Amino acid sequence: MTADTAVRSQPSMATFSTPPVIASCSSSSSVPPTIEIQGIVRRHGAVTAVDRVSFEVRRGEFFSILGPSGAGKTSVLRMLAGFEDPDDGDVRIDGRSMLGVPPNRRPVNLVFQSYALFPHLTVKDNVAFGLKMRRVPAGQIDEEVRHALAMVKLVGKESRKPGQLSGGEQQRVALARALVNKPAVVLLDEPLAALDQQLRQAMQVELKSIQEQAGLTCVCVTHHQEEAMMMSDRIAVMHQGRMWQVGTPREVYARPCNLFVSRFLGVSNELPGRLGDRVGEDRLFHPTDSDLPPLLLRTEPTEPPGRLATLSLRPEQLRISRDRPADACPLLSGRIDKTLFAGSETKYLIRIGRESLWEARTSGSETPALTPGEHIFLHWASSDGRLFFE
Amino acid sequence: MQTRTTGSGTVSPRESCRSSWLAVPALVWMALFFLVPLGLVFAISFASRGTYGGIVWEFTTANYLDLLHPLYGKILGHSLWYATLTTACCFVLGFPLAYVIARSPARWQPALLLLVMLPFWTNFLVRTYAWMILLRHDGLINNALVSLGLVTDRLELLYTPTAVVIGLVYGYLPFMVLPLYVAVERLDPALVEAAWDLYASRWAVFSRVVVPLTMPGIVGGCVLVFIPSIGSFITPDLLGGARSMMIGNLIQHEYLVARDWPLGSAVSFVLMAVVMAAVALHYRQADRSAGPVDER
Amino acid sequence: MTRKAVGLRAVSLLALLFLYGPILVLVAYSFNAAHLSMAWHGTTLKWYVALIHDEALLAATANSVVIAVVSTIGATVLGGLLAFGMEGMSRSRQQLLEGSLVLPLMIPEVMMGVALMLFFLLLNMPLGLTTVILGHIVFNIPLVTIMIRTRLRKLDPALREAAADLGADAWDTFRYVTFPLLRPAVWGAVLVAFTVSLDDFLVTFFTAGPGATTLPLKVYSMIKSGVTPEINALSALLVAVSMACVALSLHLQRREV
């Protein structure tokens, strides 16, 4: 709720000026990427669900495609699995083009969002299904299945039917059923969405450790930004069929390429304004709201003065003080609108000028709580803010 | 998300084409033994009757014009009346039953529904015959009425319109209960409670909240009862007298007794028109209410 | 609220009594020793014994079973194939077919009976067991198809995708996933088709020749010639057979999945 109000109070940015990034691997290694997606397009009637998406996934990497529902991320996953074919572009796995290759001949296995466990088969037979289809000898199947079930900690439940398992256990079966085939890539479709909050957090840790232990290459689709950041080596942010940014969780969070990415990955405290003159290493930034003073920000020197921009700051970058700090550089005064105590931290919604509502946080019981109506000062390091140009 | 819209339709178009051939034998069968015979009946309804009961292939609308005769009109009229009465009686009996089942503990519901459906799975002739035993001049009902002193003379129950309607209600009550059950089961009990909370009387709760929200089930149930009732043959044949003949009996009579096939065919198509009108009503209602009901 | 519920329950009980009373009376009277009157003259099994010695009745039973078995097999094969075939069709064609499949079930049975009779007569086909079987398959195909399709539609499409993802081709998917999951529906359809065929009166009435008297036709002619305790016994037996079919169907459906 807090994040929403903070974002909504900003003037909306419907269009993005930044072009979609083509993610390139900074490949120092000579190993070819496991997955190469080259400019794939997928249309459903008049709607372009996936629009010229390209990316690569390295061996052993946990790669997440993050985006709101309808972003086209599931389509990308289904094109990797072979349930859909791209209208344009190429999908290559281990260097081989997968176009026209049906799902049953692709070296990938999917963990379905609904798990899609066969209700008439036992846990063991579910896990053995893929090996059986590839006519693996029975003795070897037993061996592999036992190994996979041990890995997901389901030993002893071999003869249960899926209906007799808890949600978390079903999730493990689905995972075991995929990884027992030793696929080149394990595809995960919202793997934890069906679990409740606590189980979800436990499974995040476990899924990650299984992936590392088995050296799996994973492509995971999720709309849950925290989940993606905690589990992934790299994240790709999708929206409206396009892939906007690819990078490590830190990169994407700290240096989002546009306002959408910034808002989607966390709380984005925003202030629209106009770029001013250079002052030493810094630049002046004049907020559109004339009640607010100009700010001194550190930014790229190339942008000409007069350009419209939006300043964005993460809540944890802001520091709150009751008294005016002596020499803090970018500084704004505001009024506490709401105080929200959340245990380990306290969130404040702060009214800045006429239009903006920002969120800032203080940890736990360190400071005495500020009360609504109080006047405070917000300051931050001049290099912390991000400017997005329109 | 997208999974829903793209669904399984995209798996492999080549396989799909191959599998649709599986439908061909059954479709040929239905065309040959269902559509062709129906077409034949339709064609014959415009032909004339031969001297010895055969068909003379001369186009005429005389058969349909013959149906305007008051004798046939009367049969059609009270067929409609019996079927309507049956539908109404089924609703009055079936709605409380459906409501009680839908509001009983979830684990009892399948058993209760089975209890309603079980008689339906017994032979229709046998079920109709059971009423002959009950309604006979010396049947159980008359025995009971006399020994209780409610009547002095035994009532003539069998071979009357009343017997026909009782038999029809008995035969088709399960058809009413099932769709009503589905509709009531979907009705959120909180809506009824909200109406109570907002000062509605019992009648207002029923007529302003329950009925509008279960309308698809009500229409469905009524159509499902009306259709077999209007086309019934066994019930009026066994329980009805000469004066409670229905369309079904008329058709049988024209074909097998009077051997006037063209006239029988014309009667068949009038019956079919009535049935199709009821079906159309059902589909229109289903279409109109499909959206909001399925939202849940 | 409570007062209303009491009223509703009373009517419901009445409705159930209405549904079961006649059948129970019928079964009870099949054990009544009295020949013509409704008064109770002691318990007997003699009417059942009489049935066993009725040659015509045994012949009719044999006819009924032959017709039911053959038409059930025919309808299950044809209807099952139709259900699977429809999977591969476009959405609009599926809807069209679904709509038309309801037609044979909605149309008055008398009309279906006379239509088939006319058809066979004009083709100069002698009416008999064959024509009855052909006719029964017609009304059983939609039943089978609708029952199997209802189950098919409830299947999560992801299950078939999962099978493909795990390396199964179309045939393996059918054999190891789709068919096992449909088995209860197929058995259910078999039992329903069998019961409906066994119980059918009208289509049989019009398409059966003199040699093809079935159990319902026999019951009809017995009723028409006068109410006798033998009919009570026969009816009670038919009730028992129907109940057994339903029980079997429930048992099969509960066992699977």
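This talk goes through chain A, then the contact of chain B with chain C, and then chain C itself. Keep in mind that the model is predicted.

I start with chain A as a whole. Chain A has 390 residues, and 43% of them are buried. The secondary structure comes to 9 helices and 20 strands. Laid along its principal axes, the C-alpha trace covers about 75 × 45 × 40 Å. If we take contacts in chain A between residues at least 6 apart in sequence, 67% of them join residues at least 24 apart.

The domain assignment splits chain A in two: domain 1 runs over 31-259, and domain 2 over 267-389. The centres of domain 1 of chain A and domain 2 of chain A, taken over C-alpha atoms, are 40 Å apart.

Next, some local features of chain A, beginning with helix 2. How many of the residues of helix 2 of chain A are buried? The count is 9 of 9, over residues 73-81, and the helix is mostly covered. The buried set includes Lys73(A) and Arg78(A). Also in it are Thr74(A) and Ser75(A), together with Val76(A), Leu77(A), Met79(A), Leu80(A) and Ala81(A). Just after this helix comes Gly82(A), with a positive phi of about 100°.

Two residues of chain A that are not glycine also have positive phi. One is Asp94(A), where phi is near 50°. Asp94(A) sits in the loop between strand 4 (88-93) and strand 5 (96-97) of chain A. The other is Glu190(A), with phi at about 40°. Glu190(A) lies in the loop that leads from strand 7 (185-189) to helix 6 (197-214) of chain A.

Is each of these two buried or partly exposed? Asp94(A) has 15 C-beta neighbours inside 10 Å, so it counts as partly exposed. Glu190(A) has 22 other C-beta atoms within 10 Å, and therefore it is buried.

Helix 6 of chain A, which follows the loop of Glu190(A), also takes part in a helix pair. Its partner is helix 5 of chain A, residues 167-179; the two axes come within 12 Å and cross at roughly 20°. Because of that angle, helix 5 of chain A is roughly parallel to helix 6 of chain A. The crossing is right-handed. On the helix 5 side, the residues in contact are Gly167(A), Gly168(A), Gln171(A) and Leu179(A). On the helix 6 side they are Leu199(A), Met203(A) and Ala214(A). By class, this contact has 4 nonpolar residues, 3 polar and no charged.

Now to chain B, and again a helix pair. Helix 5 of chain B, residues 70-102, packs against helix 12 of chain B, residues 215-230. The angle is about 140°, and the axes are 9 Å apart. Why is this pair called oblique? Roughly antiparallel requires an angle over 145 degrees, and at about 140° helix 5 of chain B is therefore oblique to helix 12 of chain B. This crossing too is right-handed.

Helix 5 of chain B contributes Ser79(B), Leu80(B), Tyr82(B), Ala83(B), Thr86(B), Thr87(B), Cys90(B), Phe91(B) and Gly94(B) to the contact. Helix 12 of chain B contributes Gly221(B), Cys222(B), Val225(B), Phe226(B), Ser229(B) and Ile230(B). Sorted by class, the residues of this contact are 9 nonpolar and 6 polar, with no charged residue.

From there I move to the contact between chains. Chain B puts 70 residues into its contact with chain C, and chain C puts in 64. Which helix gives the most to the side of chain B that touches chain C? That is helix 3 of chain B, residues 24-44, with 13 residues. The side of chain B that touches chain C is made up of 51 nonpolar, 15 polar and 4 charged residues.

Last, chain C. Chain C has 11 helices and 0 strands, so to speak a run of α elements from the N terminus on. Its C-alpha trace spans about 70 × 65 × 30 Å along the principal axes. Of its 257 residues, 48% count as buried. For contacts in chain C between residues at least 6 apart in sequence, 79% join residues at least 24 apart.

Note on methods
Residues numbered from 1 in each chain as written. Chains lettered and ligands numbered in written order. Predicted model: local features only at pLDDT ≥ 70, side-chain atom pairs only at ≥ 80, totals over all residues. Axes fitted to C-alpha atoms, helices over the stretch in contact; angles between N-to-C directions. Helix = DSSP H or I, 4+ residues; strand = E, 2+ residues; numbered from the N terminus. Parallel < 35°, antiparallel > 145°, perpendicular 65-115°, else oblique. Left-handed = near helix turned anticlockwise from the far one by under 90°. Contact = placed C-beta atoms within 7 Å. Nonpolar A, V, L, I, M, F, W, Y, C, P; charged D, E, K, R; others polar. Buried ≥ 20, exposed ≤ 12 C-beta atoms within 10 Å, placed from the backbone. Domains from an automatic or database assignment.
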